[in-house]
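Work through the following exercises with the coordinates open, and settle each one for yourself before reading its solution.

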Amino acid sequence: MPWILLATMMSLGLHVLARYSFQSPHSPANAPEKYEDIFPKAEMYPGSERVLGMVGMCDDAIKNVTDLLKERNMYDDTLIIFASDNGGEASTLYHLTGTKEWAPYRNYPLRGLKKSVYEGAMRVPAFISGGVVPVSQRGTKLTGYFHMADWLATLSRFAGVKSFEDKRAEKHNLPKLESYDMYDFLMRGKSGEKSPRLEMLLQQFGPNGVMEMALVQGDYKLAIDTSCPSGCLYNIMKDPSEQQDLSKNSFGIKIGMLRVGQALLSLTFNGSLPFYK
C-alpha cells in the first residue's frame, strides 16, 4: 500500500494494518557483501557471516520503515509489532558454502530447531514499539505466554472490533477460534506478570508425517515426539533448555497433562495423542 494512501487513511481516523514480511534471515543464505563483511568469518560455523549479514540487513530495513513513519508524522499513532514465526531451522551448508554437510542455525541455549516440539522451535523473539505504547511500558520485559493466534483478538481490540467469531465455521461445527485478547497485558502488564493465556496445545507433523505435540500448562511442558514417544515433562520456567525430564518425579502432573492434552486434541482436526499408549 503506498505511503500516501496509508497517511491519508490514518488522517481520516481509519485503522490501517500494514504487514512487512521479511524473507531473511532464511535459507538460502544470501546477503550483500557490505553486511557480510561486518561479521568475522566462521564466528559460529562456516558461512555464518551470511546469516548474520541477513539479520543486519533486516535491522536496517526496520530502521528505514521506522524513520519514514516519523518523517510522515505517523509514528505517534502506530503500533509496531516485531515477531518471528519460528526458531532457526536445520539447513545444509550447501546454501552457505557449497558443501553438503549439515549446519543448523543456532537457537542456543534453547533445545531444538524449526519443525520440532521444543523451545528452540517455538520460543521466538518478539517486541512491540511505536508511539501508542505508553511511556510507562517502554522497556518492560513481559514473560507471560503469548501464542501467535492471540494477535487476532489483540489487534481486533486495537481496531475497535468487538467480535471476531467465525459464525460460518461455527455453523459447520468447526473448532472455535482460540485467541486471547492481550491488549491490557501489553499496555499495562508488569514484568513477571502472567498473561491471560495459561496453556497452549502445539502440534506439528514430524518424520514420515506422524503428528508430534506439546502441551504447555503453567510452568510445565509435556512434549511427545519420536525421541520421547511416552512423553517427557519439563519445567520450562526453571529449565527453558529442556534438559531435565521430570516424568518420574512428577508423574501425577504428567498424567494430568496427558488427559488435558487428549481433551484439547478432541476439539481439533487431529483427535488423539500421537505415540502414547
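The exercises below concern backbone angles, burial and side-chain contacts.

The model is predicted, so that local features need pLDDT of at least 70 and side-chain atom pairs count only at pLDDT 80 or more, while totals for chains, interfaces and linings use all residues. Residues are numbered from 1 along each chain as its sequence is written, and side-chain values use heavy atoms, with hydrogens and water left out.

**Exercise 1.** Determine the sign of phi at asparagine 73 and at glutamate 242, then place and classify each residue.

*Solution.* Most residues other than glycine have a negative phi. Asparagine 73, however, has a positive phi near 60°, and glutamate 242, which is not a glycine either, has a positive phi of about 55°. Next, asparagine 73 is found in the loop between α3 (48-71) and β1 (80-83), whereas glutamate 242 belongs to the loop between β8 (228-235) and α8 (251-265); helices (H or I, at least four residues) and strands (E, at least two) are DSSP runs, numbered from the N terminus. Finally, asparagine 73 is exposed at a relative accessible area of 67%, but glutamate 242 is buried at 1%, where buried means under 20% and exposed over 50%, with a 1.4 Å probe and protein chains only.

**Exercise 2.** Describe the surroundings of threonine 66.

*Solution.* Begin with its position: threonine 66 is part of helix α3, and its relative accessible area of 17% makes it buried. Its side chain comes to 2.9 Å from the backbone oxygen of isoleucine 62. Beyond its neighbours within four places in sequence, threonine 66 is in contact (heavy atoms within 4.5 Å) with Tyr75 and Ile80.

How values were computed. A polar contact is a pair of N or O atoms within 3.5 Å; within protein, one must be able to donate a hydrogen and the other to accept it, and residues adjacent in sequence count only if both atoms are side-chain atoms.
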